[in-house]
Amino acid sequence: MIEFRSVRKQYDDGTVAVQELSLTVPAGTVTVLVGPSGCGKTTLLRMVNRMIEPSSGAVLLDGGDVRDSEPARLRRGIGYVIQQAGLFPHRTVRDNVATVPRLFGHGRREARRRAEGLLERVGLPSEIGKRYPAQLSGGQQQRVGVARALAADPPVLLMDEPFSAVDPVVREGLQDELLRLQGELGKTVLFVTHDIDEAVKLGENVAVLRQGGYLAQYAPPEQLLAEPADDFVTSFVGRDRGYRRLSFVDSSGLRAGSVDTVRIGDTSADVPSQAGWVLVLDTHDRPRGWLPPEATIHGQLTEDQLIAGGSLHTGGAPLRGALDAALSSPSGLGVVVDEDGVYLGVVTARQVLEILESGRHPAVSEGAFR
Amino acid sequence: MISEIAAWLLDPAHWTGGEGVLRQSWLHLLYCVFAVCAAAVIAIPLGLYIGHTGRGSVLVVAFGNAVRALPTLGLVTGLAMLYQGSAALAALVVLAFPAVLSGTYAGVNAVPADAVDAARGMGMSSAQRLWQVELPNALPLLMGGVRNAMLQVMATTAIAAYVGLGGLGKLLIEGQAIRHYDQMASAAILIALLAVLVDLVLAGLTRLLVPRGVMLVVAETGAGPRGRREQR
């Protein structure tokens, strides 16, 4: 558990980075500090491992004041991941990851063995361990950065905009990876970002900070989106907050319908009468694309005759995915699949909206009419 | 003229003996290596300290420029007159100093800030940061400074022959005194050749010392010693 007790940071030139701020980060959860630049989020994070000392107030780690520990010793027990990964250019990937175990006095062999296990854990092939940071992509470097922070198995992980410098697709992969890792490891993670989407996706609790170092709201993400505390939070969480909130709405009430399907390799004789859109599956029943109404097939059905499908909704995942699947599908029918990507059925945007309507609290909708 | 130089260089009598090319080349080399090593012994630790702590970086620039502005010949003769001929060696050390110092300082300064931040954040002590992160990554620019210093000292040692220091400069000056232009030209060529050879050796040493991972960064960004030197 990390506890900020009325911490305040004022620099010598008079600028105040953090105002009397109190915040508790529960153990074993991901807590995100989010806000525009100059809101003091990084300052707050760096107070935990004493990279920055507060002007007043105290930071407690599992009940003990961090000032009671000698900085280097304190930091070795806390994982630290930064924006550009900060890998050591002169060391191989494996030796980068082995750094902290070596600082703890482990032998080279033991530290390297450990490093190799960790690379695997963050989803990197083991042969990458012999390469140098300059030979890796940005996303790979970040994974190594995470592996390095985890190498000594610290209970607390500080992450300072770790995924901001990579492109959106890679970033999403890294976020999913972090959630998966967190599911296995259950660390106490303090994560800093300026990206509200990232905050909402990763955080079990999100602290929104306002310029000048004020805490604007501290709440679980669904509450942040549903009930922003003030105008600042409202504008910061953005216009799409209604849509984004769907990420937290359960889709179990959604009943998938059916649609005509054919398989790749089928001939025109197998294709049903072409009244509407037909979904095309591969031999493992995974969706490949759509055939438009009235389409004619010459010989066997091949991939290049298809219209690309939209996003897929995994059954049981939040409603956002279902709505997106429907909206992005050329037929207007969102394809629902199971965890293995096997076709289950289709849903429409209307069905999603109906679930939302029926789920609304009666008092709220009545109140709106009064 | 070319045939005269060739004839001078090919005459075995010019190569051997106390005043011969071999002995003078050896002396020349010895002075230069001594001067650069002596300078490095002080300049590298000082440069590391300034780069690591950030204290006194103004000193590096001011000192570097001051020494660069000194008239080389004046410094050499001045010291030689005040003390003895061998005091010219001290002048060579002074000349080598700023190049090594600024190379070392620039090297530490050029170490990626995020790597240093990460080192601090993962719990390295100040000394561990310096030895394990800053020094290995500073090596390309540090060695660039040493090579700069060596070239400068190579050239200046030739002038130091004016005050009685041996070396290939001695052959050059003698040649001028007795108007043996073939000897002068030959000595000049030999000095240049020696300088190139020594620089090649230092380039090889750089390859050996600089970690492979750092070489890769240098190759990728062109931020090696040469790249930096051109920017100045």
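This section describes the fold of chain B in a predicted model, followed by its nonpolar core and a buried lysine of chain A.

Chain B is built from 11 helices and zero strands, so that its pattern along the sequence is written α-α-α-α-α-α-α-α-α-α-α. Its C-alpha atoms occupy a box of roughly 65 × 40 × 30 Å along the principal axes. Of the 232 residues in the chain, 47% are buried. Among contacts in chain B with a separation of 6 or more, 77% join residues that are 24 or more positions apart. The accessible surface of the chain amounts to about 11,300 Å², and carbon and sulfur atoms contribute 68% of this area.

The unreviewed UniProt entry annotates residues 29–50, 56–80, 87–108, 149–173 and 185–205 of chain B as "transmembrane region". In the model, residues 29–50 of chain B are 100% helix and 0% strand, with 30 Å between the end C-alpha atoms. Residues 87–108 of chain B are 95% helix and 0% strand, and their end C-alpha atoms are separated by 32 Å.

Helix H9 of chain B comprises the 29 residues 181–209 and extends 42 Å from its first C-alpha to its last, close to the 42 Å expected at 1.5 Å a residue. Its buried residues are B:Gln183, B:Ser186, B:Ala187, B:Leu190, B:Ile191, B:Leu194, B:Ala195, B:Val198, B:Asp199, B:Leu202 and B:Thr206. Because an α-helix has 3.6 residues a turn, residues three or four places apart point the same way.

The largest nonpolar core contains 51 residues, and B:Leu92 and B:Val153 have the most contacts inside it. At least two residues of this core come from each of helices H2 (21–53), H5 (88–109), H7 (126–160), H8 (168–177), H9 and H10 (212–221) of chain B. The greatest contribution is that of H7(B), which provides 13 residues. Beyond its neighbours within four places in sequence, B:Val153 contacts B:Cys32, B:Ala35, B:Val36, B:Leu92 and B:Ala96. Another core lies apart from this one; it has 44 residues, including A:Ala85, A:Leu87, A:Leu174 and A:Leu224.

In chain A, A:Lys187 is located in the loop between helix H7 (168–185) and strand E8 (188–193). A:Lys187 counts as buried because its relative accessibility is 6%, below the 20% cut-off. When residues up to four places away in sequence are set aside, A:Lys187 touches A:Gly28, A:Thr29, A:Leu150, A:Asp153, A:Pro154, A:Pro155 and A:Gln182.

Terms used:
Residues are numbered from 1 along each chain as its sequence is written. Chains are lettered from A and ligands numbered from 1 in the order in which they are written. This is a predicted model: local features need pLDDT of at least 70, side-chain atom pairs count only at pLDDT 80 or more; totals for chains, interfaces and linings use all residues. Side-chain values use heavy atoms; hydrogens and water are left out. UniProt positions are given in the numbering used here, feature names are shortened, and annotations may be inferred rather than shown by experiment. Helices (H or I, at least four residues) and strands (E, at least two) are DSSP runs, numbered from the N terminus. The expected span of a helix is 1.5 Å times one less than its number of residues. Buried means under 20% relative accessible area, exposed over 50%, partly exposed in between (1.4 Å probe, protein chains only). A nonpolar core is a set of buried Ala, Val, Leu, Ile, Met, Phe, Trp, Tyr and Cys residues joined through side-chain atoms within 4.5 Å. Contact means heavy atoms within 4.5 Å. Accessible areas come from the Shrake-Rupley method with a 1.4 Å probe; for residues, only the protein chains shown count as cover.
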